[in-house]
Amino acid sequence: MAPPLEHGEHISGTTRRSLLAGVAALGALGAAGCSRVATASTTGGGELLDRLRAAGVVRLGIAGEIPFGYIDKNGDLTGEAPELAKVVFKRLGVDRVQPVPTEFGSLIPGLNSQQFDVVAAGMYVTPERCEQVIFADPDYQMLDSFIVRKGNPKGLHNYKDVVAKKAKFATGTGYAEIGYAVEAGYKESDILIVPDQVAGLNAVEAGRVDVFAGTALTTREVVKKSAKAEATKAFTPTVDGKPHIDGGAFAFRRTETNLRDAFNAELRKLKKSGELLRVLKPFGFTQAEMTDLTAKELCGG
């Protein structure tokens, strides 16, 4: 949602990129969703929005990640991105959304091969991805946080602390946090790589590591029922010597600037009114995750 990295090629819910078991319940729908959509116009900003209005449905590419976009235990589509999509597309005159489950790494190829209309998976905006798709402005920003033992006995608040105090460090498979730790001076071969934040919590509680790094949202949520661990205050990692904040957004085919611009216009209204936070709050998002970052900034200009 910041990366393969933590929702960048990254963040997770399952293996950070694998589908939830609940997706199996939508087998028939998933198969139907894999049929191709009409080829986008390559001139004038695209005509997809008009076609979606006529059809009354928009196909959303999702990757089975809690809390970004997934099928719940009742077989219903939910998550921060699908729920936001329902609100925005209804305002744009498209009444229904239809999920097309796929793996995270297949989202951009699936979008560009017409398998669905938009990526609604909380995908981090990165310069590399901006060469393949166009993004709406981010609907959330994400900082990092640590899972540590209660009381944070080693006083670990950022990656520099982890290095300076020679803490045993863990993070998830493919997480952006691997790169953040290495940039701070941690030896990559010394990092314990675990499947996800639940495994990270278990490693901290068992004393196998001193700290697990993830997004502020995932660490905050996973420690709620822990008697042995807590999440540290969110902080900004450093990339190339500069503070770095990730932002997640909807992705569109490069030809569909009209749809992207219309989506952005409604997103701005939701941000201004405060309704965006209301939509995202049930999935663990707080005011700290609200953002005025733009896709242009995150794309590198």
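## Strand β8 and its two partners

β8 and β12 pair antiparallel, with three bridges between them. One of the matched pairs puts isoleucine 147 across from alanine 231 of β12. On to β11: this pairing with β8 is antiparallel too, and it runs over five bridges. There, valine 148 sits opposite valine 211 of β11. Bear in mind as you look around that this is a predicted model.

How much of β8 is covered? Most of the strand is, with five of its six residues buried.

## The five-stranded sheet

Zoom out, and β8 turns out to belong to an open sheet of five strands, ordered β10-β9-β11-β8-β12, with mixed pairing. The edges are held by β10 (192–194) and β12 (229–231); each has a single partner strand, so one side of each has no neighbour in the sheet. On average, neighbouring strands here are turned by 25 degrees against each other, ignoring direction.

The parallel part of the mix shows up between β9 (residues 169–172) and β11 (residues 211–215), which are joined by three bridges. Within that pairing, alanine 170 has phenylalanine 212 of β11 as its bridge partner. As a general reminder, strands of a sheet pair through backbone hydrogen bonds, in either a parallel or an antiparallel way.

## Helices lying across the sheet

Two helices are worth tracing over these strands. Helix α7 (residues 177–184) lies across β8 (144–149), β9, β10 and β11, and it runs at about 150 degrees to β9. Helix α8 (residues 197–205) lies across β8, β10, β11 and β12, this time running at about 35 degrees to β8.

## Isoleucine 147 and asparagine 152

Isoleucine 147 sits in strand β8, and with a relative accessible area of 0% it counts as buried. What does isoleucine 147 touch, leaving aside its neighbours within four places in sequence? Its contacts are Gln197, Leu201, Val204, Asp210, Val211, Phe212, Thr219, Val222, Val223, Ala229 and Glu230. Take the pair with leucine 201: the two residues are 54 apart in sequence, yet their C-alpha atoms are 6.6 Å apart in space.

Follow the chain out of β8 and you get to asparagine 152, in the loop between β8 and α6 (159–164). Is asparagine 152 buried or exposed? Its relative accessible area is 10%, which is under the 20% cut-off, so asparagine 152 is buried. Not counting residues up to four places away in sequence, asparagine 152 touches His157, Glu230 and Thr232. Glu230 therefore turns up in the contact lists of both isoleucine 147 and asparagine 152.

## Strand β1, covered on both faces

Now for another strand, β1 (residues 57–62), where six of the six residues are buried. In a regular strand, side chains alternate between the two faces of the sheet. For β1 both faces are covered: Val57, Arg59 and Gly61 on one side are buried, and so are Val58, Leu60 and Ile62 on the other.

β1 runs parallel to strand β4 (residues 96–101), and six bridges join the two. Valine 57 is matched with arginine 96 of β4. β1 also pairs in the parallel sense with strand β5 (residues 118–124), here over two bridges, and leucine 60 stands opposite valine 118 of β5.

## The nonpolar cores

Leu60 comes back when you look at the largest nonpolar core, which has 41 residues: Leu60, Leu84, Phe89 and Phe250 have the most contacts inside it. Helix α3 (residues 80–91) supplies the largest share of this core, with six residues. Phenylalanine 89 contacts Leu52, Val58, Val94, Val118, Leu259 and Phe263, setting aside neighbours within four places in sequence. Another core lies apart from that one, with 19 residues, including Val100, Leu107, Cys130 and Phe135.

## How α3 packs on α10

α3 packs against helix α10 (residues 257–273) at an angle of about 110 degrees, and the axes are 10 Å apart. That angle makes α3 roughly perpendicular to α10. On the α3 side, the contact is made by Leu84, Val87, Val88, Phe89 and Arg91, while α10 brings Leu259, Phe263, Glu266, Leu267, Lys269 and Leu270. Sorted by type, the residues of this contact are eight nonpolar, no polar and three charged.

Conventions:
Residues are numbered from 1 along each chain as its sequence is written. This is a predicted model: local features need pLDDT of at least 70, side-chain atom pairs count only at pLDDT 80 or more; totals for chains, interfaces and linings use all residues. Side-chain values use heavy atoms; hydrogens and water are left out. Two strands pair if DSSP finds at least two bridges between them. Helices (H or I, at least four residues) and strands (E, at least two) are DSSP runs, numbered from the N terminus. Axes are lines fitted to C-alpha atoms, for helices over the stretch in contact, and angles run from 0 to 180 degrees between N-to-C directions. Contact means heavy atoms within 4.5 Å. A nonpolar core is a set of buried Ala, Val, Leu, Ile, Met, Phe, Trp, Tyr and Cys residues joined through side-chain atoms within 4.5 Å. Buried means under 20% relative accessible area, exposed over 50%, partly exposed in between (1.4 Å probe, protein chains only). Angles under 35 degrees count as roughly parallel, over 145 as roughly antiparallel, 65 to 115 as roughly perpendicular and the rest as oblique. Ala, Val, Leu, Ile, Met, Phe, Trp, Tyr, Cys and Pro count as nonpolar, Asp, Glu, Lys and Arg as charged, and the others, Gly among them, as polar.
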